[in-house]
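Thanks for asking me to look this one over. Below are my notes, as numbered points that you can check against the coordinates.

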Amino acid sequence: LPAGAHTLTAVATDDDGATASSAPVAFTVSIPNVPPTVSWTSPASGTSYPSGTAIPLLAAAFDSDGAVVKVEFFRDATKIGEDLVAPWTVTWSDGAPGTHALKARATDDDGATTETAAVTVTIVPPANAPPTILLTSPSAGATIVAPATVVLSASASDADGSVAKVEFFSGALLVAT
């Protein structure tokens with residue numbers, strides 16, 4: 001039966017030709033919600049980008065029994081952003097160096113969702129990126145009574161190599177290496 005409201009009756013006929021009708025029965029035939037389809041368009045899995053690159057993420061989405069109302073984009077299960085109109089795209093620009101799994105999830109006007117398989121993208125650190133350093137002792141705002149021995153410490157790392165030395169300055173005066 002096609003989708004919509006229907007009313008059925010049954011008629012019985014005996015061997016002498018007499019007939020009787022059942023009471024009518026009303027019912028509705030509905031079409032089940034079909035989830036949207038979504039596919040990853042860009043970037044291709046296995047693509048590499050230099051750190052700091054703005055990467056356009058693009059998906060294609062369609063809903064056969066309604067409309068796609070949004071497409072969300074995820075990096076390693078963290079939502080990057082969403083688009084509410086086609087073409088379904090967001091720009092990802094804060095990728096940390098490493099390999100990341102990207103997915104898109106389409107939602108239709110009935111609330112059904114479909115997610116793409118993951119594609120991997122590698123963010124490559126820039127060549128000779130500067131190290132990062134954090135002065136850990138003394139702490140900011142500390143008051144030290146003179147005469148005193150001050151313990152100096154720092155946490156330093158280099159994403160594309162190793163830290164060769166750490167120097168401590170009091171103003172422009174080098175006080176320790």
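1. Let me start with P43, which sits in the loop between β5 (37-42) and β6 (47-50). This is a predicted model, and in it the peptide bond from S42 to P43 comes out cis, with omega near 5°. A second cis bond joins S137 and P138, again with omega about 5°. P138 belongs to the loop between β14 (132-137) and β15 (153-157). Most peptide bonds are trans, so both places deserve a glance on your screen.

2. P43 turns up again in the surroundings of V119. Leaving aside residues up to four places away in sequence, V119 touches W40, P43, S45, H100, A101 and L102. V119 is part of strand β13 (residues 119-124), and it counts as buried because its relative accessible area is 10%, below the 20% limit. For a sense of distance, the C-alpha atoms of V119 and A172 are separated by 49 Å, with the two positions 53 residues apart along the chain.

3. Which residues in the loop between β8 and β9 (78-83) should you look at? D76 and A77 both lie there. D76 has a positive phi of about 50° without being a glycine, and A77, also not a glycine, has a phi near 70°. Most residues other than glycine have a negative phi. As for accessibility, D76 is partly exposed at 36%, while A77 is exposed at 75%.

4. D76 has a charged partner too: its side chain meets that of R75 in a salt bridge, at 3.9 Å from N to O. With a cut-off of 4 Å for such a pair, a distance of 3.9 Å is one to keep in mind when you reuse the list.

5. How many salt bridges does a search of the whole structure find? The answer is 8. K70, E72, K79, E82, K103, R105 and E115 are linked in a network of them. Within it, K79 and E72 meet at 3.1 Å, N to O; K79 is partly exposed, at 39% relative accessibility, whereas E72 is buried, at 8%.

6. The same network includes R105 and E115, whose closest N and O atoms are 3.3 Å apart. This pair links distant parts of the chain: R105 is in strand β11 (residues 98-108) and E115 in strand β12 (residues 113-115), 10 residues apart. Both ends are partly exposed, R105 at 26% and E115 at 36%.

7. D63 makes a nice contrast. D63 is buried but has no salt bridge, and the nearest side chain of opposite charge, that of K70, is 14 Å away. What does the side chain of D63 reach instead? It reaches the backbone nitrogen of A67, at 3.1 Å. D63 is located in the loop between β7 (55-62) and β8 (68-75). Apart from residues up to four places away in sequence, D63 touches V34, P35, P36, V68, D108 and D109.

8. One last point, about the surface. I144, V150, L152, L173 and V175 make a nonpolar surface patch of about 420 Å². Among them, V175 is in strand β17 (residues 173-176) and is partly exposed, with a relative accessible area of 45%. Residues need over 30% to join a patch, so V175, at 45%, meets that condition.

Conventions: Residues numbered from 1 in each chain as written. Predicted model: local features only at pLDDT ≥ 70, side-chain atom pairs only at ≥ 80, totals over all residues. Heavy atoms only, no water. Helix = DSSP H or I, 4+ residues; strand = E, 2+ residues; numbered from the N terminus. Buried < 20%, exposed > 50% of the residue type's maximum accessible area, 1.4 Å probe, protein only. Lys, Arg positive; Asp, Glu negative; His and termini not counted. Polar contact = N/O pair within 3.5 Å; in protein donor to acceptor, adjacent residues only side chain to side chain. Contact = heavy atoms within 4.5 Å. Patch = residues over 30% accessible without salt bridge, like charges linked within 9 Å, V, L, I, M, F, W, Y side chains within 5 Å. Areas by Shrake-Rupley, 256 points an atom, 1.4 Å probe, with all protein chains shown as cover.
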